[in-house]
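Dear colleague,

Please find below the structure for your examination. A summary of the findings follows it.

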Amino acid sequence: MNPRLRHWREAATLLLAAGTPGPGRPPRSPLGPFDYELLLLRRSSRSGFVPGAHVFPGGLADPADFSAEWLGLLPASPHCGLGAVKPPPPGGSRAPLFATDRESLGSQLPGEVAFRICALRETFEEAGILLLAPGRGPAPPLPAERLPPAAELGEWRRRVREDASCFLRLCRHLGCAPNIWALHEWSNWLTPVGRAGRGGRRYDTAFYLCCLQERPPHVSQDDQEVTAVLWSSPPEAIERLKSQEIWFPPPQFYEFCRLCNFSSLKELQQFSSARALEGCERWMPVMLSAADGFIQLLPGDELYPEDPDYTGEKKITMSTEKKVEDLMKEGGIFHRIVIKDINNLSVYVNIQAKYKHVNPLMIKCDNSDYNSRL
C-alpha cells in the first residue's frame, strides 16, 4: 500500500464476464444477443460509499495484498509471470497507481500483482467466487471439483473477510496461486472531487477484466457489504438502469457502454488480453453543473480543465446556467457522461481512444437531436 496518499485510497475492481448458461430469454436491447454476462453486486444500503448501487466486485487494497509471502506461491520473474506493459506513448505516462515504486514503500510485490490479488480477494469475500490456478504459474483455472466443500469454503470466506491475510493461508492450504494471469488491465478511475463517500473517502481504483467460459459455482452475496447478486449482459444492464430496476455509478455505466462493442465472449477475451499490455489512462471525472443536470467531463473533452483539481484543495467548482442540450449543441469535442438523474445517463465520445482501447458504444437515452451529430 501507499502511505503517502492523502486524498484517495487505492482499490481494485473486477469486471467478471462469464459465458451464459445455455439459451436465454430474448435480449432486451436492439443490440441483439450477447453470449456472456457480467457479475454485479448490490451494495448494502448501510454502505458508506454508493449505498444501494449495483457495482462490480472489488474494494480497498490491504497490506496483506502486498505481502512478500505471496512470492512463495508465484513465479520468481520480475512481474510474477505477467507480461510487461509497454512504455507509454510520447506525451503519456503510466498511471501513478501502477508506476509507483512499491519497493521504496517496503513492498517486494509489484503493484500490478498486488492489485490483482486485491481484486481476487474482494471477489471471494463479496461473492464467494474463488479464482485460483494450480501450481505456481499461468495455468487453466482450478476446476470446481478441486474446490473445498461449500461449508468449508464458507468458513474460509468468513476468515478472509475478517482478516485479509487469510487469503494467502487459503491459497497455501489448497496448494494454489491466485489466478492473477486471468485478469487483464482495463482502466483506472479516480473518484471525482465532490463525490466522496462517508468521511471524505475517494478511491484510486484499478479496473481488471476476467473472462470465464461459464459461471463459477458457489456465487452468493455476503449479506454484509453485498445484499444481492445479478448477472447481466452489458446492454441489458443499461436497460435495467433506464427502467429504474437498478442503478450504478457513472464509471460502471461508461464501462458497460464500452463492453457493448463486444457481443462475443471470445472476441472480448482476445481484445482484452492483447490490449492490456498497452496500459491504460488514469481518469478523474470533473463535474460540470448545468441548469437541468450534470456533465462528468473526462480527459480529452474540450471543457476538461487543463489543470484539474485532483486533491479538492483548490475548491474549484464548474457550473453554468445553460442547459445540457445547449452545451451539447455548442460543443464539438466530447468525452463526457451526461447525467439527468441516477437512472438517466448518456455517454458521448468522439475523440480517439488511447492505448489501443475502444470508445463506448453510444447509447441513446433520450430524443435530443445532438445524438445524431456524434
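A salt bridge is taken here as a side-chain nitrogen of Lys or Arg within 4 Å of a carboxyl oxygen of Asp or Glu. The model is a predicted one, in which local features need pLDDT of at least 70, side-chain atom pairs count only at pLDDT 80 or more, and totals for chains, interfaces and linings use all residues. Residues are numbered from 1 along each chain as its sequence is written, and side-chain values use heavy atoms, with hydrogens and water left out.

By the salt-bridge rule, the count is 20. One of the pairs joins Arg-94 to Glu-112, with the closest N and O atoms 3.5 Å apart. Arg-94 belongs to the loop between β4 and α1 (96-99) and Glu-112 to helix α2, so this pair ties together parts that are 18 residues apart in sequence. Helices (H or I, at least four residues) and strands (E, at least two) are DSSP runs, numbered from the N terminus.

Arg-94 also appears in the lining of the largest cavity, together with Val-85, Lys-86, Pro-88, Ser-93, Ala-95, Glu-278, Gly-279, Cys-280 and Tyr-355. A cavity is a set of points, on a 1 Å grid over the protein atoms alone, where a 1.4 Å probe fits but cannot get out; a pocket is an open set with protein on both sides within 12 Å along at least five of seven lines, and lining residues have an atom within 4 Å of a point. The structure holds 1 cavity of 30 Å³ or more, and the volume of the largest is about 40 Å³, a volume being the space filled by probe spheres set on the points, which are joined across faces, edges and corners.

The domain assignment, which is automatic or from a database, gives domain 1 (9-275) and domain 2 (286-349). Their C-alpha centres lie 28 Å apart. Contact (heavy atoms within 4.5 Å) takes 15 residues from domain 1 and 17 from domain 2. The two domains bury about 1300 Å² between them, 68% of it on carbon and sulfur atoms; this is the accessible area (1.4 Å probe) lost on putting the parts together, summed over both. Pro-250, Phe-253 and Tyr-254 supply 36% of the area that domain 1 buries against domain 2, more than any other three residues. Between the domains there are 0 salt bridges.

The largest pocket, of about 1100 Å³, draws at least three lining residues from each domain. Of its 43 lining residues, Arg-43, Phe-49, Val-50, Tyr-203 and Pro-249 lie nearest its centre.

With kind regards
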